[in-house]
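Here's a quick briefing on side-chain contacts and internal space. Have a look at the structure first, then we'll go through it by topic.

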Amino acid sequence: MTLKKIDYRKFIWPIVVGLILWFSAPLRPAALSLAAWHMFALFVATIVGCIVQPLPIGAVAILGFVAATLTGTVDIDTAVAGFGNGSIWLIAMAFFISRGFIKTGLGRRIALKFVQLFGKKTLTLAYSIIGVDLILAPATPSNTARAGGVIYPIIESLAQTFDSDPQKGTERKIGSFLIFSEFHGDAITAAMFLTGMAANPLAQTFAAAKHIELSWMTWFLAALVPGIISLILIPFLIYKMYPPEIKETPNAKKWADQELAKMGKISLAEKMMTCIFLVALLLWITGTLTGIDATLTAFIALGLLLITGVLEWQDVLHETGAWNTLTWFSVLVMMATELNKLGFIPWLSNTIASELHGLNWFVVLVILIITYFYSHYLFASSTAHVSAMYAAMLGVALAAGVPGTLAALMLGFFGNLFASTTHYSSGPAPIYFGSGYVKQTDWWRMNFILGLVYLVIWLSVGTIWTKILGIW
């Protein structure tokens, strides 16, 4: 057996940053305890490690866990308790549910049906593909699995059907447009559902620590109008900025017909998957009425998938994405929670808020969202970014008088929308950029323009819409 080669040079940044902060404790603000400062040093070092990734992010989190307990910054019982967070288990459960879509082939069948029905023109073809993403999003918290595991193979097959291949220099025929449109469609659908992306329940947890309740239905209703506007407008803008050479796609329907014929009639497993998904969706929507917690709903759905044989226990054990997420999310949430308990987050929030004192609360909200959005150029993970900054940003917003639920929701939405930055911005980004269909200069240029569009739509329409709903 040979040892896995590790690039130990990547440990330099997290270690150096952590040590500098740790030993600068004598210079800390008087309002902060030594324990709060040490936890801050460990948290920042762990986040830096999650960004540069000398080891996979789960392994980095475990090292952060060990450092926090070994130094006595947090006791082992408190640290381990982080693994019992309900929102994190919701993420893990929904990973398992999404596995059912992939295993049964239901996700692919839905995608092919959309292509069959709406695939006559390239623009409507893009809308139909994004429509599949929209349908799958409520039960697929891994937007990477959704975009990469279900949608990407469909787009690649379609592109090849029209001889659109970056290897041949023909990527602009149709593939480039479809790839970039679905990348943005996935970011929008992730923002529309509490269960649409892994970091959303994390935001819910941070908001709950500030006594702000974000239910599944509240999140969905608040995101509905700005989300629909974005789903309609963004692909159209991409179509104008980055037009495909092929505008008509009559062969798409024929290709979908052939692929569906190969799949045959809808299987019993697909039917069971459909029923269980609808049950889960109904329970999530009616959660405030039935009193059934969103995490419990996900457990119920998984139980039904196992009872019916749609999933086997081995499928659950082999869903490495879920267990990986459960591990590192738990550690980061534990650290962020301790930062709040030890007074670091309240201190930071009040300090920044004092600098913004006297400004209108909406101006403060805009400044915070813009800062949050563009700081994502420094992150290679949406979840790491949410873990690092969401709680502090929310604290500042509250201290400045921004309505609590509005602030929590807006920060939650932009925890997905700031994917409109780089080719390493989120899980789907390296998959779609790595396909070679879109050049890096085009990727950054169009993302910058579309990022401005998101800021305008969600801060203006989103704020007005939540006011109409009576959320604030």
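Aspartate 257 comes out partly exposed, at 28% relative accessibility. Its salt-bridge partner is lysine 253, with N to O at 3.2 Å, and lysine 253 is partly exposed too, at 36%. Keep in mind that this is a predicted model.

**Salt bridges**

- Where do aspartate 257 and lysine 253 lie? Both belong to helix α12, which covers residues 250-263, and they sit 4 residues apart, or about one turn of the helix.
- Moving off that helix, there's a network in which Asp163, Lys168 and Lys173 are joined by salt bridges with shared partners.
- Within that network, lysine 173 and aspartate 163 bring their side chains together in a salt bridge, 3.6 Å from N to O. Lysine 173 and aspartate 163 are both in the loop between α8 (143-161) and α9, so their pairing ties together parts 10 residues apart in sequence.
- As for accessibility, lysine 173 counts as partly exposed at 23%, and aspartate 163 is also partly exposed, with a relative accessible area of 31%.
- Down at low residue numbers, aspartate 7 bridges to arginine 9, and their closest N and O atoms are 3.0 Å apart.
- That pair is a bit of a mix: aspartate 7 is partly exposed at 29%, while arginine 9 is exposed, with a relative accessible area of 63%.
- If you're tallying, the whole structure has 11 salt bridges.

**Aromatic pairs**

- How many aromatic pairs does a search of the whole structure find? The count is 29.
- One of them is tryptophan 37 with phenylalanine 40, a tilted pair with ring centres 5.3 Å apart and 55 degrees between the planes.
- Tryptophan 37 and phenylalanine 40 share helix α2 (residues 34-52), where they are 3 residues apart, again about one turn of the helix.
- Is tryptophan 37 buried or exposed? Tryptophan 37 has a relative accessible area of 11%, and the cut-off for buried is under 20%, so it counts as buried.
- Elsewhere, ring pairs tie six side chains into a cluster: Phe373, Tyr374, Tyr377, Phe414, Trp444 and Phe448.

**Charges over rings**

- Arginine 172 puts its charged end over the ring of tyrosine 242, at 3.9 Å from the ring centre.
- Lysine 467 does likewise with tryptophan 472: the charged end of the lysine sits over the ring, 4.6 Å from the centre.

**Cavities**

- Now for the empty space: there are 4 cavities of 30 Å³ or more in the structure.
- The largest cavity holds about 50 Å³ of space.
- Which residues line the largest cavity? The lining is made up of Asn143, Phe183, Asp186, Ala187, Ala190, Met197, Ser382, Asn416, Ala419, Ser426 and Pro428.
- Helix α9 (residues 175-192) is the top contributor to that lining, supplying 4 residues.
- Sorted by class, the lining of the largest cavity has 6 nonpolar residues, 4 polar and 1 charged.

Conventions:
Residues numbered from 1 in each chain as written. Predicted model: local features only at pLDDT ≥ 70, side-chain atom pairs only at ≥ 80, totals over all residues. Heavy atoms only, no water. Phe/Tyr/Trp six-rings, centres within 6.5 Å; stacked < 30°, edge-to-face > 60°. Helix = DSSP H or I, 4+ residues; strand = E, 2+ residues; numbered from the N terminus. Buried < 20%, exposed > 50% of the residue type's maximum accessible area, 1.4 Å probe, protein only. Lys NZ or Arg CZ within 6 Å of the ring centre and 35° of its normal. 1 Å grid on protein atoms, 1.4 Å probe; cavity = no way out; pocket = protein on both sides within 12 Å on 5 of 7 lines; lining within 4 Å. Points joined across faces, edges and corners; volume = space filled by probe spheres on them. Nonpolar A, V, L, I, M, F, W, Y, C, P; charged D, E, K, R; others polar. Salt bridge = Lys/Arg side-chain N within 4 Å of Asp/Glu carboxyl O.
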